[in-house]
Number of protein chains: 2
Amino acid sequence: MKEGPDIAQIGALIGDPARANMLAALTGGRALTATELAGVGGITVQTASTHLAKLEAGGLLTQRKQGRHRYFTLADEAVARLIESMMGFAAGRGHLRHRPGPKEPALRKARICYDHLAGDYGVRMLDSLIASGSIEAVGEGLALTEKGESDLKCIGIDVGTLRSSRRPLCRSCLDWSERRAHLAGSLGKALLSNFLDKGWARRTAESRSVIFSPEGDRQFLRLFPVDA
Amino acid sequence: MKEGPDIAQIGALIGDPARANMLAALTGGRALTATELAGVGGITVQTASTHLAKLEAGGLLTQRKQGRHRYFTLADEAVARLIESMMGFAAGRGHLRHRPGPKEPALRKARICYDHLAGDYGVRMLDSLIASGSIEAVGEGLALTEKGESDLKCIGIDVGTLRSSRRPLCRSCLDWSERRAHLAGSLGKALLSNFLDKGWARRTAESRSVIFSPEGDRQFLRLFPVDA
DNA sequence: TTCATAGTTCGATCGTAACCGAAGCATCGC
DNA sequence: GCGATGCTTCGGTTACGATCGAACTATGAA
């Protein structure tokens with residue numbers, strides 16, 4: 001009855017609703033303070049503090065002190081992937097948080113998944129990149145083509161510097177709302193940063209959703225058309 | 001504070017040690033009865049019954065009545081992947097079930113992951129297939145080459161029939177003991193079945209480990225050499 | 001029919017962990 | 001120094017869920 005690593009521990013860590021909410025919020029990518037996390041968890045700061053301590057002890061979170069604040073973030077991308085994959089799994093089984101309902105449409109349109117773009121726009125972007133021959137999909141994996149590399153240079157993304165990081169360039173990440181893949185990895189991050197820098201889109205305060213400006217919307221749709 | 005699917009529910013399902021043990025056991029691929037699962041969970045049949053009911057309600061398990069037995073299996077491959085990915089994650093963080101220890105060496109050498117080969121031998125097989133040019137690794141994805149298809153035919157595996165299934169042919173699955181990828185998908189399953197049919201290896205009664213016969217060991221190592 | 005085995009349901013116990021109030025540190029601004 | 005803010009620790013309460021004994025249902029064997 002005892003073989004292999006202990007799933008129960010991390011399962012239990014994620015299994016508490018308050019903790020799950022905090023983790024989901026942190027999947028938004030930005031660091032949050034203990035008080036903010038208490039808010040999203042719907043609990044007092046005291047309880048949040050103990051929860052956060054447990055999550056940190058479990059290796060899911062790291063904290064950074066800054067003045068009298070403590071900023072919490074997911075420990076690394078692996079945690080984010082685990083959370084998103086569990087979300088995808090849960091969505092597939094109909095484990096939705098509140099009844100059926102239309103949910104936040106903004107969240108389904110475009111949201112942040114750790115540090116890259118997800119939702120309808122995220123999926124559309126990857127589809128378009130594949131259709132245009134910039135990215136090749138082989139099995140579950142993704143690879144950037146030479147054409148893609150030069151195309152990206154035009155947008156203002158230098159793939160060379162991205163390659164120098166140890167993080168994989170292209171990764172596919174299952175989108176829980178669309179149930180299809182979107183682009184993760186350092187390239188996914190770079191693309192999102194690019195949109196934010198250009199002012200095409202901005203992050204919202206307390207949500208994971210990403211709001212595109214009218215101009216940004218036009219540019220995005222022009223850049224990543226859906227093939228008819 | 002409420003966006004997206006409910007991770008907490010499935011987290012909590014996996015979060016109980018008894019349930020986690022049962023799920024881990026079922027990752028071995030074979031259907032187990034309620035009594036057997038009570039054994040691996042270290043609990044009485046009554047409690048096991050309630051646990052199994054919860055897991056089934058959560059969509060993680062399915063049961064099949066056969067005479068007076070009830071055979072439980074994982075609901076589908078997605079559940080198996082979730083469990084294995086959580087194992088990989090847990091192993092990476094040092095969440096091991098019992099202290100450090102050498103653990104079951106047999107389990108690390110070769111074991112079943114749902115329906116394909118994992119452990120040292122599983123990783124070695126994939127490495128060798130890639131080195132020989134039978135399988136191409138692109139990013140995280142895997143694709144069978146033409147050479148691979150003809151090579152497999154020699155062993156007695158007809159890829160054509162495998163393709164007809166909706167299940168992907170090649171999938172990479174992260175190995176928790178080796179921390180590297182092994183081959184899953186319908187091809188992974190076919191290869192393991194092939195070894196079992198030929199009598200090269202056999203499954204053990206109550207464990208996930210796979211035992212190779214001396215002859216099978218020889219054949220396997222000959223077929224999948226490690227490039228020096 | 002009767003007995004045995006496999007499994008579920010009921011009822012009650014018990015432990016753990018989530019929770020909050022209050023007090024205790026730490027850091028900032030003044 | 002002082003108070004205010006952000007967060008943690010302590011103590012005690014509470015509630016949920018895991019657990020098992022016992023009773024009940026179902027299938028199979030004799």
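Modeller: Let's start with a term: a polar contact is a pair of N or O atoms within 3.5 Å; within protein, one must be able to donate a hydrogen and the other to accept it, and residues adjacent in sequence count only if both atoms are side-chain atoms. This is a predicted model, where local features need pLDDT of at least 70, side-chain atom pairs count only at pLDDT 80 or more, and totals for chains, interfaces and linings use all residues. Residues are numbered from 1 along each chain as its sequence is written, chains are lettered from A and ligands numbered from 1 in the order in which they are written, and side-chain values use heavy atoms, with hydrogens and water left out.

Colleague: Happy to begin there. Which atom of DNA strand C does the side chain of B:Arg68 approach?

Modeller: A base oxygen, which lies 3.2 Å from an N or O atom of that side chain. With B:Arg70, a polar backbone atom is 3.2 Å from a phosphate oxygen of DNA strand C. A:Thr44 uses a polar side-chain atom, 3.0 Å from a phosphate oxygen of DNA strand C.

Colleague: And which elements give two or more residues to the surface near DNA strand C?

Modeller: Helices (H or I, at least four residues) and strands (E, at least two) are DSSP runs, numbered from the N terminus. Here the elements are H4 of chain A, plus helix H3 (34-41), H4 and strand S3 (69-74) of chain B. H4(A) has the largest share, 4 residues.

Colleague: How many residues surround DNA strand C?

Modeller: A residue is near a strand if one of its heavy atoms lies within 4 Å of it. For DNA strand C that gives 19 residues, with A:Gln46, A:His51, A:Lys54, B:Thr35 and B:Ser49 the closest. Of the strand C atoms that come within 4 Å of the protein, 71% are sugar and phosphate.

Colleague: Now DNA strand D. Which residues are closest to it?

Modeller: A:Thr35, A:Ser49, B:Gln46, B:His51 and B:Lys54, out of 20 that surround the strand. B:Gln46 places a polar side-chain atom 2.5 Å from a base nitrogen of strand D. The side chain of B:His51 has an N or O atom 2.5 Å from a phosphate oxygen of strand D. For A:Ala34, a backbone N or O atom lies 3.4 Å from a phosphate oxygen of that strand.

Colleague: Which element gives the most to the surface near DNA strand D?

Modeller: H4(B), with 4 residues. Helix H3 (34-41), helix H4 (45-57) and strand S3 (69-74) of chain A each supply at least two.
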